[in-house]
Amino acid sequence: MVAHIGGHGRFHPEAGLFLVRRWLGAEVVSRSCRHMLIDPQGREQRNYLSFRPRLDHGDAAIRDIQRWMEKNATADLSLATLATKAAMSERTFQRRFTQATGLPVTRYIQELRIEKARGLLERTTLPVSEICWAVGYNDVSGFSRLFRSVCGVSAGEYRRRFSVA
């Protein structure tokens with residue numbers, strides 16, 4: 001996907017992305033850039049890793065909860081609710097969840113919701129406040145700070161860089 005321009009051994013990812021956009025469209029460019037961890041605009045090369053939760057850990061009860069969380073990201077994902085749903089004490093649930101996924105429950109929820117927000121920023125023109133509510137947050141300023149801390153850029157800047165809408 002990287003274009004080789006000229007005979008001087010230089011590779012120009014921007015040229016390759018231009019061709020991909022021309023032949024396959026903006027959505028493929030966006031997905032490709034996120035996969036290759038590059039900025040589609042050719043500016044700063046930042047880490048835009050997608051959240052891909054571990055599901056191959058062997059703990060069926062935790063995997064079931066992970067799948068439920070994926071489908072119900074806007075639901076009450078409090079430790080108490082998740083532990084009850086898993087039929088475990090909060091302490092046991094927290095320990096097993098962290099052991100299985102590699103992330104504490106609260107961090108996992110943040111990553112899950114921010115990933116959903118990224119998708120909405122890329123594929124819709126919804127205002128950031130609506131995206132905040134659509135992914136389970138009630139405080140827009142808190143969501144904005146969290147988004148910036150996880151992604152390294154504001155939600156608006158993320159949309160400008162990766163929008164395919």
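**Close-up views of a predicted model**

**View 1. L24 on a nonpolar surface patch.** L24 is exposed, with a relative accessible area of 56%. The cut-off for this class is over 50%, so L24 counts as exposed. L24 belongs to helix 1, which covers residues 13-24. Together with L19 and W23, L24 makes a nonpolar surface patch. The patch has an area of about 370 Å². The model shown here and in the other views is predicted.

**View 2. The whole chain, for orientation.** Nine helices and two strands make up the element list of the chain. Reading from the N terminus, the order is β-β-α-α-α-α-α-α-α-α-α. The chain has 165 residues, and 36% of them are buried. Its accessible surface comes to about 9,500 Å². Carbon and sulfur atoms account for 52% of that surface. Take the contacts between residues at least 6 apart in sequence: 54% of them join residues at least 24 apart.

**View 3. F93 and F97, an aromatic pair in helix 5.** The structure holds six aromatic pairs. One of them joins F93 and F97, and this pair is tilted. The ring centres lie 5.5 Å apart, with 40° between the planes. A pair of aromatic rings is described by these two kinds of value, the distance of the centres and the angle of the planes. Both residues sit in helix 5, residues 90-101. Four residues separate F93 from F97, about one turn of the helix. Are these side chains buried or exposed? F93 has 0% relative accessibility and counts as buried. F97 is also buried, with a relative accessible area of 0%.

**View 4. F143 and F147, an aromatic pair in helix 8.** The ring centres of F143 and F147 are 6.0 Å apart and the planes meet at 50°, so this pair is tilted. The two residues lie in helix 8, residues 140-151. They are four residues apart, about one helical turn. F143 counts as buried because its relative accessibility is 0%, where buried means under 20%. F147 is buried as well, with a relative accessible area of 0%.

**View 5. An aromatic cluster with a charge over one ring.** Which residues form the cluster with F143 and F147? Y137, Y158 and F162 join them in one aromatic cluster. Y137 also takes part in a contact with a charged group. The charged end of R113 sits over the Y137 ring, 5.3 Å from the ring centre.

**View 6. E70 and K116, a salt bridge between two helices.** The count of salt bridges comes to six. E70 and K116 form one of them, with the closest N and O atoms 2.9 Å apart. E70 is in helix 3 (residues 60-71) and K116 is in helix 6 (residues 105-123), so the bridge ties together parts that are 46 residues apart in sequence. E70 has 40% relative accessibility and counts as partly exposed. K116 is partly exposed too, with a relative accessible area of 27%.

**View 7. A salt-bridge network in helix 9.** E157, R160 and R161 are linked in a network of salt bridges. How far apart are the N and O atoms in each bridge? Between E157 and R160 the distance is 3.1 Å. Between R161 and E157 it is 2.8 Å. E157 and R160 lie three residues apart in helix 9 (residues 155-162), which means about one helical turn between them. R161 and E157 are four residues apart in helix 9, also about one turn. The two arginines are classed in opposite ways. R160 is exposed, with a relative accessible area of 59%. R161 counts as buried, at 9% relative accessibility.

**View 8. A87, a loop residue with positive phi.** Where is A87 placed? A87 lies in the loop between helix 4 (79-85) and helix 5. Its phi is near 60°. That is a positive value in a residue other than glycine. With 71% relative accessibility, A87 counts as exposed.

Notes:
Residues numbered from 1 in each chain as written. Predicted model: local features only at pLDDT ≥ 70, side-chain atom pairs only at ≥ 80, totals over all residues. Heavy atoms only, no water. Phe/Tyr/Trp six-rings, centres within 6.5 Å; stacked < 30°, edge-to-face > 60°. Buried < 20%, exposed > 50% of the residue type's maximum accessible area, 1.4 Å probe, protein only. Lys NZ or Arg CZ within 6 Å of the ring centre and 35° of its normal. Contact = heavy atoms within 4.5 Å. Areas by Shrake-Rupley, 256 points an atom, 1.4 Å probe, with all protein chains shown as cover. Salt bridge = Lys/Arg side-chain N within 4 Å of Asp/Glu carboxyl O. Patch = residues over 30% accessible without salt bridge, like charges linked within 9 Å, V, L, I, M, F, W, Y side chains within 5 Å.
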